[in-house]
Amino acid sequence: MSTSARPHALLAEFESPAALLHAAEKIRAAGYRRWDVHTPFPIHGMDEAMGLGNSKVGWFTFCFGATGFTLGMLMIWWMGAVDYPLPVGGKPLFSPIFAFPVCYELTILLGAFGTLGGMALLNQLPRLYHPLLKHPRFKAVTHDRLFAVIECADPQYSDTETRRLLESLGGRQLELVED
Amino acid sequence: MSAAVDKLPAYVVPPPAELEREPLVLNQRSPGWISDKIAGLAEQGMPRWWWPAFLVSVGGMLMMFGMIAYLISTGVGVWGLQQPAAWAWDITNFVFWIGIGHAGTLISAILCLLRQRWRTSINRAAEAMTLFAVACAGIFPIVHTGRVWYALMPGYLIPFPNANAIWPQFRSPLLWDVFAVSTYGTVSLLFWYTGLVPDLATMRDRATSKLKKFLYGLFALGWTGSNRHWRNYEKAYLILAGLSTPLVLSVHSVVSFDFAVSQLPGWHTTIFPPYFVAGAIFSGFGMVLTLLIPLRTLCGLEDVITTRHVELMCKVILATGSMVGYAYAMEFFIAWYGGNPYELYAFKNRAFGPYFWAYWIMVTCNVISPHLFWSKKLRTNMVFVFIVSIFVNIGMWFERFVIIVTSLHRDYLPSSWGYFSPTYVDILTFVGSFGLFMTLFLLFVRYLPVIAIGEVKAVTPQADPHHPLGGARPGGTH
């Protein structure tokens with residue numbers, strides 16, 4: 001780390017989930033946009049406190065699942081009734097009835113990939129480099145520590161005001177994280 | 001976090017005692033303790049029991065692969081299969097293993113949708129068990145084809161353009177099974193991995209060696225515990241649970257179609273799909289208990305996998321065991337009520353014919369033993385629960401054997417009657433599959449967190465912003 005590294009964000013530690021939840025409401029009310037809280041477990045009510053809407057992952061699931069079902073039907077129809085018709089015991093070459101179990105499974109299979117892929121896309125993961133991951137104290141976020149982080153790139157950010165806000169909300173051990 | 005507990009104001013009024021449930025984590029363990037305890041298991045060298053257990057399991061696994069090599073190089077004649085019983089232990093083992101997997105998905109998906117928070121202590125190990133059971137199950141249908149290369153070649157099972165220009169037969173339930181089981185294996189893996197991501201981040205942040213840091217870090221995808229991430233993550237987890245629920249119900253239904261869609265008396269029954277699903281969950285919970293009761297004691301996890309967890313699992317066994325017992329009775333009733341003489345004969349022969357011993361082992365283990373769990377005293381006795389869980393495993397293996405072999409061994413004409421006996425290859429292959437299963441499970445215990453650390457933390461009162469231990473103040477909203 002060179003001394004000329006730009007600051008990335010202001011990091012503050014909070015002592016309890018309730019304190020962090022309360023702080024999140026206030027940070028949001030103060031008009032910050034590029035900020036986040038980092039916790040070892042999801043905190044009930046935090047999405048509302050941060051003003052985050054419903055996650056869009058479900059749309060990925062729906063589109064992929066519908067694709068799986070449609071592709072399955074088309075595949076079975078084309079293979080059995082068009083490309084290589086094989087009459088057996090007078091049974092129809094294609095019927096959505098016997099095609100259903102396979103299409104049902106393909107709906108779920110593609111839906112699951114869509115869900116995971118959608119989550120990764122929306123979260124911009126994998127991201128193996130992150131300024132916070134370099135910070136020695138931040139490691140404990142996956143252990144038992146709770147942090148709020150306000151990025152220096154936020155238009156509202158000010159070295160003194162932001163620091164004062166976090167301190168007034170109960171944030172402790174404030175530190176600038178380098179980029 | 002512990003500071004918050006210390007500074008707990010004295011005037012916080014605790015909720016009335018009758019509203020308090022038994023805690024999911026005993027002794028008010030803190031989130032830090034949970035990380036230390038569970039991640040620690042995979043970090044320290046394994047205790048002394050691990051190596052002997054691992055070596056025995058690897059021995060069993062190698063024995064199975066040896067037997068499979070012998071089977072493939074010689075032919076399926078090395079098994080005891082003969083007309084009319086051309087399916088026996090191979091398919092029994094397949095259905096047995098795939099059924100075991102079902103408890104993992106039930107715990108992780110269905111209990112998640114039902115908001116059963118006790119699932120958090122057991123879902124990781126149960127999902128791992130699912131994956132390993134599906135791996136064991138997958139071996140049998142592939143090797144039973146004899147010319148294994150045909151089963152594995154793209155174009156025969158998986159639709160893929162091939163030199164013969166043919167496609168798989170989509171009208172066959174056996175092909176539905178290929179899709180059901182491979183989807184099940186894949187989605188279970190995705191679900192398991194999704195659940196692992198935050199815990200892999202915990203392992204990454206605790207790792208001391210460079211290699212571990214790199215590997216755990218790679219698979220943790222750069223997780224930082226950001227709430228903007230948790231939001232999408234939790235939604236994805238919920239949706240995966242929603243997808244896995246119809247999946248798990250469909251998989252054993254499709255497995256049962258392998259039998260029910262045929263015309264054979266004893267197989268051609270409409271009760272099969274629900275009956276197979278109930279049996280699968282029953283057997284799976286049996287295996288979860290068989291694995292977790294020793295693990296809990298050997299690894300000192302009594303505060304996380306509590307007596308209450310074991311008791312609840314016993315209740316699931318009691319419920320599904322009763323369904324299975326009802327299905328056995330209903331099968332007999334319909335065989336009589338349906339008026340088909342061949343059907344009735346198949347069932348009389350099942351209970352009183354040459355395989356009567358297998359039938360009554362099944363009834364003893366599956367119908368009688370779960371009812372011992374009506375007693376709270378027995379449900380909370382770990383040694384007793386462990387023994388009954390073994391009985392459940394045995395009983396459910398025999399159930400599949402009874403369904404498959406007793407229906408096949410007497411064809412319509414007495415000239416086509418036979419008696420199936422396994423050869424040593426049959427027996428050692430099956431015994432060896434437990435070696436494969438345990439090898440994978442022991443490696444999992446050694447390298448990955450056996451309990452979902454992040455999820456268990458989330459159900460502790462310390463993580464609840466509306467609980468005094470989570471820092472809630474009286475009078476305020478939180």
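How far apart do the C-alpha centres of domain 1 of chain A and domain 2 of chain A lie? The model you have in front of you is a predicted one, and in this model the two centres are 44 Å apart. To find the domains in the sequence, note that the assignment builds domain 1 of chain A from two stretches, 7-52 and 130-178, while domain 2 of chain A covers 57-123.

Now let's follow chain A from end to end. Six helices and four strands make up its elements, and starting at the N terminus their order is β-α-β-α-α-α-α-β-α-β. Chain A is more spread out than a compact globule, because its radius of gyration of 25 Å is well over the 16 Å that the globule rule gives for 179 residues. Along the principal axes, the C-alpha trace of chain A spans about 80 × 35 × 30 Å.

A look at the packing adds to this picture. Of the 179 residues in chain A, 45% count as buried. If you take the contacts in chain A between residues at least 6 apart in sequence, 80% of them join residues at least 24 apart.

Chain A also has a partner to explore: 62 of its residues are in contact with 58 residues of chain B. On the chain B side, the elements giving two or more residues are helices H1 (2-6), H2 (31-43), H7 (173-206), H9 (227-260) and H17 (453-458). H9(B) provides the largest share of that side, with 17 residues. By residue type, the side of chain B that touches chain A divides into 30 nonpolar, 20 polar and eight charged residues.

Definitions and conventions. Residues numbered from 1 in each chain as written. Chains lettered and ligands numbered in written order. Predicted model: local features only at pLDDT ≥ 70, side-chain atom pairs only at ≥ 80, totals over all residues. Domains from an automatic or database assignment. Contact = placed C-beta atoms within 7 Å. Nonpolar A, V, L, I, M, F, W, Y, C, P; charged D, E, K, R; others polar. Rg over C-alpha atoms; globule rule 2.2 N^0.38 Å. Buried ≥ 20, exposed ≤ 12 C-beta atoms within 10 Å, placed from the backbone.
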